[in-house]
Amino acid sequence: DAAFVSDVTAPDNTLVRPGQAFVKTWRYRNTGTCSWNNTYGIIFGAGSKMGAINYVPLPSTIPGGIADISVSMTAPSGTAGLSSSA
């Protein structure tokens, strides 16, 4: 289990240039009863993938602990847009 805490980089509605590479980092709290390790991860689910990889392993995080999860992305080419949301 996890709970969103905050955006660390590229908060919602951050303007990015078309084709700009950026790193989106989310802060999450482990709300479960077991520690996270690299066998746990986040996967791409829906929306615009923006060049992100399909799976990002989670850092070691004890129950109640906080983890920052980062994904490298590239804004779509063409017209100016907004970063992804959590």
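A residue is treated here as buried when its relative accessible area is under 20%, and because the relative accessibility of Asn30 is 0%, this residue counts as buried. The model in which Asn30 is examined is a predicted one, and the values reported below were computed from it.

The chain contains 7 strands and 0 helices, so that the order of elements from the N terminus reads β-β-β-β-β-β-β. Along the principal axes, the C-alpha trace extends over about 45 × 20 × 20 Å. Of the 86 residues that make up the chain, 26% count as buried, and the exposed area amounts to about 5200 Å², of which carbon and sulfur atoms supply 56%. When contacts between residues at least 6 apart in sequence are considered, 64% of them join residues at least 24 apart. With regard to charge, there are 5 positive and 4 negative side chains, and the centres of these two sets are 7 Å apart.

In soluble globular proteins, nonpolar side chains tend to be buried together. In the present model, the largest nonpolar core comprises 14 residues, and Phe22, Val71 and Met73 are those with the most contacts inside it. At least two residues of this core come from each of strand 3 and strand 6, the latter covering residues 66–74. The most is given by strand 6, which contributes 4 residues to the core. With neighbours within four places in sequence left aside, Val71 is in contact with Phe22, Val23, Lys24 and Trp26, and also with Ile42, Ala52 and Val56.

Two polar residues of strand 3 were then considered in turn. Thr25 lies in this strand, which runs over residues 21–30, and it counts as buried because its relative accessibility is 6%, a value to be read against the cut-off of under 20%. The side chain of Thr25 makes a polar contact with that of Ser70 at 2.6 Å. Beyond residues up to four places away in sequence, Thr25 touches Asp7, Val8 and Thr9 as well as Asp68, Ile69 and Ser70. The C-alpha atoms of Thr25 and Val71 are separated by 6.4 Å, although the two residues are 46 apart along the chain.

Asn30 also lies in strand 3, and the side chain of this buried residue is engaged with the backbone at two places, as described next. The backbone nitrogen of Gly32 is reached by the side chain of Asn30 at 2.9 Å, while a polar atom of the same side chain lies 3.0 Å from the backbone oxygen of Cys34. When residues up to four places away in sequence are not counted, Asn30 touches Asp1, Ser35 and Trp36, together with Thr61, Ile62, Pro63, Gly64 and Gly65. Thr25 and Asn30 are thus both buried, at 6% and 0% relative accessibility respectively; the side-chain partner named for Thr25 is Ser70, whereas the side chain of Asn30 meets backbone atoms of Gly32 and Cys34.

Technical notes
Residues are numbered from 1 along each chain as its sequence is written. This is a predicted model: local features need pLDDT of at least 70, side-chain atom pairs count only at pLDDT 80 or more; totals for chains, interfaces and linings use all residues. Side-chain values use heavy atoms; hydrogens and water are left out. Buried means under 20% relative accessible area, exposed over 50%, partly exposed in between (1.4 Å probe, protein chains only). Contact means heavy atoms within 4.5 Å. A polar contact is a pair of N or O atoms within 3.5 Å; within protein, one must be able to donate a hydrogen and the other to accept it, and residues adjacent in sequence count only if both atoms are side-chain atoms. Accessible areas come from the Shrake-Rupley method with a 1.4 Å probe; for residues, only the protein chains shown count as cover. Lys and Arg count as positive and Asp and Glu as negative; His and the chain ends are not counted. The place of a charge is taken as NZ of Lys, CZ of Arg, CG of Asp or CD of Glu. A nonpolar core is a set of buried Ala, Val, Leu, Ile, Met, Phe, Trp, Tyr and Cys residues joined through side-chain atoms within 4.5 Å.
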